[in-house]
Amino acid sequence: MRAGWRRTEERRDGLWTVQPVTAVRATKSYVCPGCSLEIAPKTPHLVAWRADGLMGEAADLAGRRHWHSHCWRIR
Ligand SMILES: [Zn+2]
């Protein structure tokens with residue numbers, strides 16, 4: 001799969017937009033909501049936010065979260 005490819009995933013709690021973040025673009029550290037551990041800079045990971053628009057697009061974008069790829073998969 002192409003790096004940086006944005007996709008939509010259907011989950012039990014609705015539709016989510018998932019955007020992979022490559023190591024080069026990961027310049028900050030984040031706290032993963034899945035495991036509460038740090039995602040260190042230069043770690044490939046992904047960003048996810050709701051895609052069903054229930055709260056409005058601005059709220060969806062404001063609710064973006066950075067996840068370890070693994071934690072998102074087992075979420
Ligand atoms: Zn995690």
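## Exercises on a predicted four-stranded sheet

In strand β5, the bridge partner of Val 18 is Ala 48. The exercises below start from this pair and work outwards through a model that is predicted, not determined by experiment.

**Exercise 1. Starting from Val 18 and Ala 48, trace the bridge partners across the sheet, and find which residue of β6 stands opposite Ala 48.**

Step 1. Val 18 also has a partner on its other side, for it is the bridge partner, in β2, of Arg 7.

Step 2. Ala 48 in turn stands opposite Arg 65, a residue of β6, so that a row can be followed from Arg 7 to Val 18, from Val 18 to Ala 48 and from Ala 48 to Arg 65.

Step 3. Further pairs can be placed beside this row: Thr 8 stands opposite Thr 17 in β2, and Trp 16 stands opposite Arg 50 in β5.

**Exercise 2. Determine the strand order of the sheet, and explain why one side of β1 and of β6 is left without a neighbour.**

Step 1. Take the pairings in turn: β1 and β2 run antiparallel and are joined by five bridges, while β2 (residues 14-21) and β5 (residues 45-50) are joined by six bridges and are likewise antiparallel.

Step 2. Three bridges then connect β5 to β6, again in antiparallel fashion.

Step 3. Put together, these pairings give an open sheet of four strands in the order β1-β2-β5-β6.

Step 4. Because β1 (7-11) and β6 (65-67) are the edge strands and each has a single partner strand, one side of each lacks a neighbour in the sheet.

Step 5. The twist from one strand to the next averages 35°.

**Exercise 3. Describe how β1 is connected to β2, and state how many of the residues of β1 are buried.**

Step 1. The connection is a hairpin, in which two residues lie between β1 and β2.

Step 2. The count of buried residues among the five residues of β1 is zero, so the strand is hardly covered.

Step 3. For the chain as a whole, 11% of the 75 residues count as buried.

**Exercise 4. Place the sheet within the chain, and decide whether the radius of gyration agrees or disagrees with that of a compact globule.**

Step 1. The secondary structure consists of two helices and six strands, and from the N terminus the elements follow one another as β-β-β-β-β-α-β-α.

Step 2. A compact globule of 75 residues would have a radius of gyration near 11 Å, and since the chain has 12 Å, the two agree.

Step 3. The C-alpha trace spans about 30 × 30 × 25 Å along its principal axes.

Step 4. Of the contacts between residues at least 6 apart in sequence, 45% join residues at least 24 apart.

**Exercise 5. Find where Ser 36 and Lys 42 lie, and decide for each whether it is buried or exposed.**

Step 1. Ser 36 lies in the loop between β3 (30-31) and β4, and its phi is near 65°, a positive value in a residue other than glycine.

Step 2. Ser 36 has 8 C-beta neighbours inside 10 Å and therefore counts as exposed.

Step 3. Lys 42 lies in the loop between β4 and β5, and although it is not a glycine, it has a positive phi of about 70°.

Step 4. Lys 42 has 12 C-beta neighbours inside 10 Å and so counts as exposed; the cut-off for that class is 12 or fewer.

**Exercise 6. Assess the confidence of the prediction, and name the elements with the lowest and the highest mean pLDDT.**

Step 1. The average pLDDT of the chain is 91, and 95% of the residues score at least 70.

Step 2. Among the elements, helix α1 (residues 57-62) has the lowest mean pLDDT, 84, and strand β4 (residues 38-39) has the highest, 98.

Step 3. Where pLDDT is low, the predicted coordinates should not be read in detail.

Key:
Residues are numbered from 1 along each chain as its sequence is written. This is a predicted model: local features need pLDDT of at least 70, side-chain atom pairs count only at pLDDT 80 or more; totals for chains, interfaces and linings use all residues. Two strands pair if DSSP finds at least two bridges between them. Axes are lines fitted to C-alpha atoms, for helices over the stretch in contact, and angles run from 0 to 180 degrees between N-to-C directions. The radius of gyration is taken over C-alpha atoms; the globule rule is 2.2 Å times the number of residues to the power 0.38. A residue is buried if 20 or more other C-beta atoms lie within 10 Å of its own, exposed if 12 or fewer, and partly exposed in between; C-beta atoms are placed from the backbone. Two residues are in contact if their C-beta atoms, placed from the backbone, lie within 7 Å. pLDDT is the predictor's confidence in each residue, from 0 to 100.
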